[in-house]
Amino acid sequence: MSEPHQNSLQGMAIMSGAMLILPTMDAIAKYMATFEAMSPGQVTFYRFFFQIACTLPILFALFGLKALSARRPWMNLLRGALHGGASLLFFVAVKYMPLADVFAIYFVEPFMLAALSALFLGEKVGWRRWIAIVVGFGGAMIVIQPSYEIFGLKALLPVACAFLFSLYLFLNRAIGEADSPLTMQTMAGIGGTVFMAAALLVGNSSGNADFAVSLPSSGLGLVLLLALGTISGDAHMLVVRAFRLAPLSLLAPFQYFEIISATVLGYALFNDFPSFSKWIGIFIIVASGLFIIWRERLQAQSLKSS
């Protein structure tokens, strides 16, 4: 078996595992808001704080004080701030909405990324992909519409989250392999923690309940927050590692694995399960996203052969 093929298989396996694990974070965030009465803003802060606490000792043990000498520190810190904002919006959304619904709406992110690439990077997006983008947003509206009737503007939070995460992915592409995955995650954790500390200060001072400051009220809550930081740091390092082993076009479809574990966790822990109409919307979103990925892969192959 050739090394590139072997690397691609490893990348796909790592990406699959990371995507199945990541919704556990969101289930913990929903549990903390539902059963531990902790605000989404506070949970998001702990998510990044404990990510640093988990990765810094490993980083210093491996690289010493040079561990934080990133080649592009400000871009990594900005990555963390964008990731912090996206995580905050997502955690607020899962406090009020079913996990699977939030994930389904959030998956307009590939459409946003394709559109942003065309508008700002000059990447060629043909008419077929533009149609798929429009159809995908239509699928998102099928999921959003009943949620909007129940939750109001909060049903649009996953869309805003997807936009911020699209910008985060742009920076990932810009940084490339300038820094190690561990350094990138640690610097992003610092950026996310600083951003969330400021957001908590502003939100709490304004009296917004979703930014209330608190400590864990139980031993289980503390354990879950530690697990949240650990899962966050490790799973995102796996994603960075996967993208270094296999091309984006090959790994992108595995993002949809998150819907599987989100649905299972939502039903098992919170008795939430998407309605038939929402499943139709989810199917349209996934099908449109896979079509865009397929077309991007065809274009990449044609550019290589030309």
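A residue is called buried here when its relative accessible area is under 20%, exposed when it is over 50%, and partly exposed in between, with a 1.4 Å probe and protein chains only. By that yardstick, 51% of the 306 residues of the protein chain count as buried. What you're looking at is a predicted model, in which local features need pLDDT of at least 70 and side-chain atom pairs count only at pLDDT 80 or more, while totals for chains, interfaces and linings use all residues. Residues are numbered from 1 along each chain as its sequence is written, and side-chain values use heavy atoms, with hydrogens and water left out.

**The overall picture**

The protein chain has 13 helices and zero strands. Helices (H or I, at least four residues) and strands (E, at least two) are DSSP runs, numbered from the N terminus. Contacts, meaning heavy atoms within 4.5 Å, mostly link distant parts of the sequence: among those with a separation of 6 or more, 86% are between residues 24 or more positions apart. On the outside, the protein chain exposes about 14,000 Å², and carbon and sulfur atoms supply 71% of that. Such accessible areas come from the Shrake-Rupley method with a 1.4 Å probe, and for residues only the protein chains shown count as cover.

**A covered helix and its partner**

Let's start inside. Helix α5 covers residues 99–106, and eight of its eight residues are buried. Among them are Leu99, Asp101, Phe103 and Tyr106. Another of the buried residues of α5 is Ile105, whose C-alpha atom is 8.2 Å from that of Ile282, although the two are 177 residues apart in sequence. Ile282 lies in helix α13 and is buried, with a relative accessible area of 4%. Leaving aside neighbours within four places in sequence, Ile282 is in contact with Ala104, Val143, Ile259 and Pro274.

Asn76 is a polar example: this residue of helix α4 (residues 73–96) has a relative accessible area of 0%, so it counts as buried. The side chain of Asn76 makes a polar contact with the side chain of Arg79 at 3.1 Å. A polar contact is a pair of N or O atoms within 3.5 Å; within protein, one must be able to donate a hydrogen and the other to accept it, and residues adjacent in sequence count only if both atoms are side-chain atoms.

**Glu36 and its surroundings**

What does the side chain of Glu36 make a polar contact with? The partner is the side chain of Ser217, at 2.9 Å. Glu36 sits in the loop between α2 (23–35) and α3. Glu36 is buried yet has no salt bridge, and the nearest side chain of opposite charge, Lys95, is 14 Å away. For a salt bridge, a side-chain nitrogen of Lys or Arg must be within 4 Å of a carboxyl oxygen of Asp or Glu; as for charge, Lys and Arg count as positive and Asp and Glu as negative, while His and the chain ends are not counted. Setting aside residues up to four places away in sequence, Glu36 touches Tyr31, Ser217, Ser218 and Gly221.

Ser218 comes from the loop between α9 (181–205) and α10 (219–245), and is partly exposed, with a relative accessible area of 27%.

Cys54 also has partners far along the chain. You'll find Cys54 in helix α3 (residues 40–63), where it is partly exposed at 25% relative accessibility. Not counting residues up to four places away in sequence, Cys54 touches Gly229 and Thr230.

Here are three pairs that are far apart along the chain, with their C-alpha separations.

| Pair | Apart along the chain | C-alpha to C-alpha |
|---|---|---|
| Cys54 and Ala227 | 173 residues | 9.8 Å |
| Ser218 and Glu36 | 182 residues | 7.9 Å |
| Ile282 and Ile105 | 177 residues | 8.2 Å |

**Out on the surface**

Two loop residues have a positive phi although neither is a glycine: Ala37, at about 55 degrees, and Asn271, at about 60 degrees. Ala37 is in the loop between α2 and α3 and is exposed, with a relative accessible area of 68%. Asn271 is in the loop between α12 and α13 (276–305), and counts as exposed at 60% relative accessibility.

Finally, Leu20, Ile260 and Val264 make a nonpolar surface patch of about 260 Å². Ile260 belongs to helix α12 (residues 257–270). Patches are made of residues with over 30% relative accessible area and no salt bridge; like charges are joined within 9 Å, and nonpolar side chains (Val, Leu, Ile, Met, Phe, Trp, Tyr) within 5 Å.
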